[in-house]
Amino acid sequence: MKSGTSFFALLVLLAVAVPAGLAAPVAARPEGAPPLVFVTPERLAEIRGLAGRPGSVHAEILAAMRARIEPGDPLAVEGSYPNYRRAFFAREAAWLYLVTGEEKFARLAYFALRDVYDSTSPADTARPDGGSGLQRAQTLSAFAMAWNWAWAGWTPEQRAWVEEKIRAGLDDYAKALKHPNIRSPHVSNWNGVVAGGHIIALAA
């Protein structure tokens, strides 16, 4: 499987078609952890079981994701803007942490999100609370999924920092509601991306 395969294609393949009897034990979420988004604990146990089975498609998918994330270079993943790449990298690293339990992936996810604010060019405004409506929603949804999936691998301070950025992005949603696309009769991906990004953030 090519390492450039999109994250969501990998997520879909990981999350479906898991034969019965191959699940790992269902692990309890830590006290205070948010409910998982996009996957139940039972489905996660099934995914872990197949991902640990040599030769399974799930094991191949997991290897492809590792090959993309383990080098630790957020700018090597696909994305229209550097901050998209950082945010998408963090989302995928957080998913790897959730599936494998390896703390290195939680660390990679957190520091990629920090880079969105700490190591970006002033010209790159794509952030949960900055840039265009599309840029805010794209990065906000990635922040939210990373927060949800890597929560158990972060310190309270790290969780609080990411949550602060998510809340800032949700507060900023009022600007999107004033955009003419909200009431436009024409079909556009704008509403789906912007509204969807904020719904994901609320769910997380």
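# A guided tour of a predicted helical chain

Begin by selecting Phe 38: at 53% relative accessibility, this residue counts as exposed, because the cut-off for exposed is over 50%. The model on display is a predicted one. Phe 38 sits in the loop that joins helix H1 (7–15) to helix H2 (41–51). Its backbone deserves attention as well, since Phe 38 has a positive phi of about 70° although it is not a glycine.

**The whole chain**

Next, display the entire chain as a cartoon. Nine helices and zero strands are present, and the pattern along the sequence reads α-α-α-α-α-α-α-α-α. The chain has 204 residues, of which 45% count as buried. Among the contacts in the chain with a separation of 6 or more, 67% are made by residues 24 or more positions apart.

**Helix H3**

Now select residues 57–69, which form helix H3. With 13 residues at 1.5 Å a residue, H3 should span 18 Å, and its end C-alpha atoms are indeed 18 Å apart, so expectation and model agree. Which residues of H3 are buried? Colour His 58, Ala 59, Ile 61, Leu 62, Ala 64, Met 65, Arg 66, Arg 68 and Ile 69 to see them.

**The loop after H3**

Proceed to Ala 76, located in the loop between H3 and helix H4 (82–100). Is Ala 76 buried or exposed? Ala 76 counts as exposed, because its relative accessibility is 56%. Then add Phe 89 to the selection: Ala 76 and Phe 89 are separated by 13 residues in sequence, and by 8.7 Å in space from C-alpha to C-alpha.

**Helices H5 and H7**

The last stop concerns a pair of helices. Two packed helices are described by the angle between their axes and the distance between the axes. Select helix H5 (residues 103–118) together with helix H7 (residues 156–171); their axes come within 11 Å and cross at roughly 45°. H5 is therefore oblique to H7. The crossing in which H5 passes H7 is left-handed.

Show the side chains at this contact. Which residues make it? On H5 they are Tyr 110, Leu 113, Arg 114 and Tyr 117; on H7 they are Gln 158, Trp 161, Val 162 and Lys 165. Coloured by character, the residues of the contact of H5 with H7 comprise five nonpolar, one polar and two charged.

Notes:
Residues numbered from 1 in each chain as written. Predicted model: local features only at pLDDT ≥ 70, side-chain atom pairs only at ≥ 80, totals over all residues. Heavy atoms only, no water. Axes fitted to C-alpha atoms, helices over the stretch in contact; angles between N-to-C directions. Helix = DSSP H or I, 4+ residues; strand = E, 2+ residues; numbered from the N terminus. Parallel < 35°, antiparallel > 145°, perpendicular 65-115°, else oblique. Left-handed = near helix turned anticlockwise from the far one by under 90°. Contact = heavy atoms within 4.5 Å. Nonpolar A, V, L, I, M, F, W, Y, C, P; charged D, E, K, R; others polar. Expected span 1.5 Å × (residues − 1). Buried < 20%, exposed > 50% of the residue type's maximum accessible area, 1.4 Å probe, protein only.
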